[in-house]
Amino acid sequence: MKPTVLCYYFPNYHPDDPRNARVHGPGWSEWELVKAARPRFEGHDQPRVPAWGYTDESDPAVMARKIALAADHGIDAFLFDWYWYEDGPFLERALEQGYLSAVNRDRVRFCCMWANHDWQLIHPIRRDEAPGLAGGAGPRRLYPGRLTPTAFAAMIDRLVGRYFIDPSYLTVEGRPYF
């Protein structure tokens, strides 16, 4: 029996997520960290430009290209890192606008992994903020991961009503994989 192969997908490579825009300014995505990389030793070739350029994963055409590459190389599903905080979703455009609108999404299924951790300002973390270094107290917490029962119920409603019923959502023995 062939195992199901999932590819972990961290969805922070699209500009103008409202939370990111509030913290980092308009147009920010993780690509800014890639662009800002600097060599740390002789021969360290930084910054590196991605082979496909600085793509916007919320663009269905970009996601269709990723789906095709994944499917052609044995990936069965994308496991989206999925965030929900007290006031709602975060980093959902790769899934909502990119994957769900891609013309070939039937080639690679999807599922969600709830990332219910505190979101901290570490993009990038400064040396003086690092715990244990130069008296750093650690990064500033932006969004606590803990949810009230009301917010948790809203999150479950979104998962069940939007994703678990989707024919592309990955199931195991008929049950949604979450």
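## Cysteines, cores and salt bridges

Reader: How many disulfides does the count come to?
Author: This is a predicted model. A disulfide needs two cysteine sulfur atoms within 2.5 Å. The sulfur of Cys-111 has its closest cysteine sulfur in Cys-112, 6.9 Å away, so the pair is too far for a bond. The count of disulfides is zero.

Reader: Is Cys-112 buried or exposed?
Author: Buried means under 20% relative accessible area. Cys-111 has 0% and is buried. Cys-112 has 1%, so Cys-112 is also buried.

Reader: Which strand gives the most to the largest nonpolar core?
Author: The largest nonpolar core has 28 residues, and Met-63, Phe-78, Phe-80, Leu-95, Tyr-99, Phe-110 and Tyr-163 have the most contacts inside it. Helices H3 (60-72), H4 (93-99) and H5 (149-164) each supply at least two residues of this core, as do strands S2 (77-85) and S4 (109-114). With six residues, the element that gives the most is S2.

Reader: Which residue beyond position 160 does Tyr-99 contact, leaving aside neighbours within four places in sequence?
Author: Tyr-99 is among the residues with the most contacts inside the largest core. Its partners include Met-63, Ile-67, Phe-78 and Phe-80. Tyr-99 also contacts Arg-105, Val-108, Arg-109 and Phe-110. The partner beyond position 160 is Ser-168.

Reader: How many residues are in the second, separate core?
Author: This core is separate from the largest one. Among its members are Phe-90, Leu-91, Leu-121 and Tyr-143. The number of residues is nine.

Reader: Which residues of the second core does Arg-19 touch?
Author: Arg-19 lies in helix H1 (residues 18-24). With a relative accessible area of 6%, Arg-19 is buried. Beyond four places in sequence, Arg-19 touches Tyr-85, Asp-87, Gly-88 and Pro-89, along with two residues that the second core includes. These are Phe-90 and Tyr-143.

Reader: Is His-117 buried, partly exposed or exposed?
Author: His-117 sits in the loop between S4 and strand S5 (119-120). Not counting residues up to four places away, His-117 touches Tyr-83, Tyr-85, Tyr-143 and Gly-145. The class between buried and exposed runs from 20% to 50%. At 38% relative accessible area, His-117 is therefore partly exposed.

Reader: How far apart in space are His-117 and Thr-4, C-alpha to C-alpha?
Author: In sequence, His-117 and Thr-4 are 113 residues apart. In space, the C-alpha to C-alpha distance is 27 Å.

Reader: Which residue forms a salt bridge with Arg-107?
Author: The whole structure has 10 salt bridges. Arg-107 is in the loop between H4 and S4, and its partner is in helix H3, 35 residues apart. Arg-107 is partly exposed, at 38%, whereas the partner is exposed, at 53%. The closest N and O atoms are 2.5 Å apart, and the partner is Asp-72.

Reader: Which residues join Glu-96 and Arg-162 in one network?
Author: Glu-96 forms a salt bridge with Arg-162, with the closest N and O atoms 2.8 Å apart. The pair links helix H4 to helix H5, 66 residues apart. Glu-96 is buried at 16%, while Arg-162 is partly exposed at 37%. Through salt bridges that share partners, the network also takes in Glu-92 and Arg-158.

Reader: How far apart are the closest N and O atoms of Arg-175 and Glu-173?
Author: Arg-175 and Glu-173 are both exposed. A salt bridge needs the nitrogen within 4 Å of the oxygen. Arg-175 and Glu-173 form one, with the closest N and O atoms apart by 3.8 Å.

Terms used
Residues are numbered from 1 along each chain as its sequence is written. This is a predicted model: local features need pLDDT of at least 70, side-chain atom pairs count only at pLDDT 80 or more; totals for chains, interfaces and linings use all residues. Side-chain values use heavy atoms; hydrogens and water are left out. Helices (H or I, at least four residues) and strands (E, at least two) are DSSP runs, numbered from the N terminus. Buried means under 20% relative accessible area, exposed over 50%, partly exposed in between (1.4 Å probe, protein chains only). Contact means heavy atoms within 4.5 Å. A nonpolar core is a set of buried Ala, Val, Leu, Ile, Met, Phe, Trp, Tyr and Cys residues joined through side-chain atoms within 4.5 Å. A salt bridge is a side-chain nitrogen of Lys or Arg within 4 Å of a carboxyl oxygen of Asp or Glu.
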